[in-house]
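Reader: I would like a close look at a single part of this protein, and then an account of what surrounds that part. Please keep it plain.

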Amino acid sequence: MANISEVYNFTFHRDMYNRPILQGLGKRFRVQLVVRRAMLNEEGGWAEVRLEGPEEEIGRAIADLQTTGVITSGPVTDLVEPDPDAPLAATVGRGT
């Protein structure tokens, strides 16, 4: 199975700050995580993360995150490293 690379946005609640939510994701699933950017404040936070690995494993990792209360959206268009063949409009896939 071929590896893919997709960018997701994750939203966290304040009560998740002291939990290692993303830390073990790469160990539990065959995915690599690259945190592109993130922000935390008193009310909550978000992270833009690129996941790389088999499509099935990325899907399983996203489903697992959703069980923890993390709000996920994506995959989203990668604005930092755009695909030259992709249309200019933002794309969202897989209904997450």
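Which residues have the most contacts inside the largest nonpolar core? Please start there and work outward to the rest of the structure.

Author: The model is a predicted one. In its largest nonpolar core, which has 16 residues, those with the most contacts are Phe 10, Phe 12, Leu 51 and Val 70. At least two residues of this core come from each of β1 (3–13), β3 (44–54) and α2 (55–67). The element that gives the most is α2, with four residues.

Phe 10 is a useful place to look around from. If neighbours within four places in sequence are set aside, Phe 10 is in contact with Leu 22, Gly 45, Trp 46, Ala 47, Val 49, Leu 51, Ile 62, Leu 65, Val 70, Ile 71 and Thr 72. Two of the names in that list, Leu 51 and Val 70, are also among the residues with the most contacts inside the core. Phe 10 is buried, and Tyr 8 is buried as well. These two residues also form a pair through their rings. The structure holds one aromatic pair. The ring centres of Tyr 8 and Phe 10 are 6.3 Å apart and the planes make 15°; planes under 30 degrees apart count as stacked, so this pair is stacked.

The next step outward is the sheet. Strands in a sheet pair through backbone hydrogen bonds, in either the parallel or the antiparallel sense. Here the sheet is open and has four strands in the order β2-β3-β1-β4, with antiparallel pairing. Each of β2 and β4 (71–76) stands at an edge with a single partner strand, so one side of each has no neighbour in the sheet. From one strand to the next, the twist averages 20°.

Now the pairings of β3. Strands β1 and β3 run antiparallel to each other over 11 bridges, and the partner of Phe 10 in β3 is Ala 47. Strand β2 (residues 32–40) also pairs with β3 in the antiparallel sense, over eight bridges. Ala 47 is the bridge partner of Ala 38 too. Ala 47 therefore has a bridge partner in Phe 10 and another in Ala 38. Elsewhere along β3, Glu 52 stands opposite Gln 32. The strands β2 and β3 form a hairpin, with three residues between them. Of the 11 residues of β3, nine are buried, so this strand is largely enclosed by the rest of the structure.

The helix that gives the most to the core also belongs in this picture. α2 packs on the sheet, where it touches β1, β3 and β4, and its direction makes about 155° with that of β3.

Strand β4 has a point of detail in its backbone. Both Gly 74 and Pro 75 are found in this strand. Most peptide bonds are trans. The bond that joins Gly 74 and Pro 75 is cis, with omega at about 5°. Gly 74 has a relative accessible area of 1%, and under 20% counts as buried, so Gly 74 is buried. Its C-alpha atom is separated by 9.6 Å from that of Ile 62, which lies 12 residues away along the chain. Ile 62 is one of the residues in contact with Phe 10.

Last, the protein as a whole. Its secondary structure comes to two helices and four strands, which follow the pattern β-α-β-β-α-β along the sequence. Among contacts with a separation of 6 or more, 68% are between residues 24 or more positions apart. Of the 96 residues, 32% count as buried. The protein exposes about 6,200 Å², and carbon and sulfur atoms supply 53% of that area.

How values were computed:
Residues numbered from 1 in each chain as written. Predicted model: local features only at pLDDT ≥ 70, side-chain atom pairs only at ≥ 80, totals over all residues. Heavy atoms only, no water. Core = buried A, V, L, I, M, F, W, Y, C linked by side-chain atoms within 4.5 Å. Buried < 20%, exposed > 50% of the residue type's maximum accessible area, 1.4 Å probe, protein only. Contact = heavy atoms within 4.5 Å. Areas by Shrake-Rupley, 256 points an atom, 1.4 Å probe, with all protein chains shown as cover. Pairing = 2+ DSSP bridges. Phe/Tyr/Trp six-rings, centres within 6.5 Å; stacked < 30°, edge-to-face > 60°. Axes fitted to C-alpha atoms, helices over the stretch in contact; angles between N-to-C directions.
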